[in-house]
Amino acid sequence: MPVIGRPTLDDHCLYSVYFAPRGAARMMEMGMQISQRHLSPFDRLIGAVGEAGSGKSILLRGMFPGLELSNDDNGVNVRPLPILDIGGGGFYEPHTYHIDMRFEMAFTQTHVLAQAVREALRLGRRVVVEHFELLYPHIDMNAELLIGVGEDIIVTRPTIFGPEPRDLAEITHRSIRYRRMAHTAEDLAERYLWEPCHGEYEHSDVRHGFVLKFEQCPEVNLEQMEEWVLQQIARDLPVCYVDDGHIRFGEKLHRCTGPRMHVKSTGEIENFRMLHEYKFDPMDNKYLMVGLVGEPIADMRDLNKIT
């Protein structure tokens, strides 16, 4: 008989894996889907791991709409950290607290943060912890729901047998480079498409690459497009964050919905290539333009192969 208050749907699921989408709107949408599929109202400790800029905070905004993030640029000077004052606000205290460990360790000692988290859990509050692998050695308990954000989003419910937060952190840190390369290559491809079909496509995902989906097959020569992107890569243009909606390739301003998810220069993109034919998806009734980075794949059907 299941224990009341504990989730049962994920009891036999070791982990779930999703593409980590690029762009704030798609990432928040993914967060909403993860909360609907995996989050229990009885979860008290949620951990997130992944490199800075991988989209953890945006994903958590989607999972917990209205959650006040302690690492929000608009709240940097709000001190003390709300969870450190737990018990002092009475009836009007939040139910859910957020901590970014890498950010907060610059202001507060780790053991103080760990004690604050334990106290919040004792009082029945929920705590969402970014860079959970930094807290884990000091708190002596794993998260009830653990999320890793790299090239993929990995969602798991750890048991006493694991997985450990550092295991997910190693996986995400190792894979995030492909997401950065793919996103930068995707934006270069969009620059090429600006004149012939600006805005006439949707974004989708594939392992180590990107997909652009068209209602009608575009009249764009994919080999010429590939050659142009390779030229921009060879120029080793610096890729700079401008604001939440733009990056800069060298001197060229480019609109981008995920401006923090890029390599530092186009020369860091490894082994870029386009599939030289459009793929038709009969289920979606769309024509797919596919760009890839990283190690070569012999068969297109192996792009999303589970290994």
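Below are four exercises on this predicted model, each followed by a worked solution.

Residues are numbered from 1 along each chain as its sequence is written, and side-chain values use heavy atoms, with hydrogens and water left out. Because the model is predicted, local features need pLDDT of at least 70 and side-chain atom pairs count only at pLDDT 80 or more, while totals for chains, interfaces and linings use all residues.

**Exercise 1. Describe the place of His262 and its surroundings.**

Solution. Begin with the elements, where helices (H or I, at least four residues) and strands (E, at least two) are DSSP runs numbered from the N terminus. His262 lies in the loop between strand S11 (252-255) and strand S12 (273-274). Next, take its accessibility: at a relative accessible area of 9%, His262 is buried, a term that means under 20%, with exposed over 50% and partly exposed in between (1.4 Å probe, protein chains only). Then list its contacts (heavy atoms within 4.5 Å): leaving aside neighbours within four places in sequence, the residues in contact with His262 include Arg180, His183 and Asp187.

**Exercise 2. Compare the expected span of helix H6 with the distance between its end C-alpha atoms.**

Solution. The expected span is 1.5 Å times one less than the number of residues. Helix H6 (residues 165-192) has 28 residues and should therefore span 40 Å; its end C-alpha atoms are 41 Å apart, which agrees. As a further step, look for a bend, which is the angle between axes fitted to the seven residues ending at a residue and the seven starting there; H6 bends by about 35° at Ser175.

**Exercise 3. Find which element gives the most residues to the largest nonpolar core.**

Solution. A nonpolar core is a set of buried Ala, Val, Leu, Ile, Met, Phe, Trp, Tyr and Cys residues joined through side-chain atoms within 4.5 Å. The largest has 29 residues, of which Leu193, Met225, Ile269, Phe272 and Met289 touch the most other members. H6, strand S8 (209-214), helix H8 (222-234) and strand S10 (246-249) each supply at least two residues, and H6 gives the most, with 6 residues.

**Exercise 4. Determine how many disulfides the structure holds, and examine Cys240.**

Solution. A disulfide is counted when a pair of cysteine sulfur atoms lies within 2.5 Å, and a search of the whole structure finds 0 disulfides. Cys240 is in no disulfide, and the nearest cysteine sulfur, that of Cys256, is 13 Å away. Finally, Cys240 counts as partly exposed, at 37% relative accessibility.
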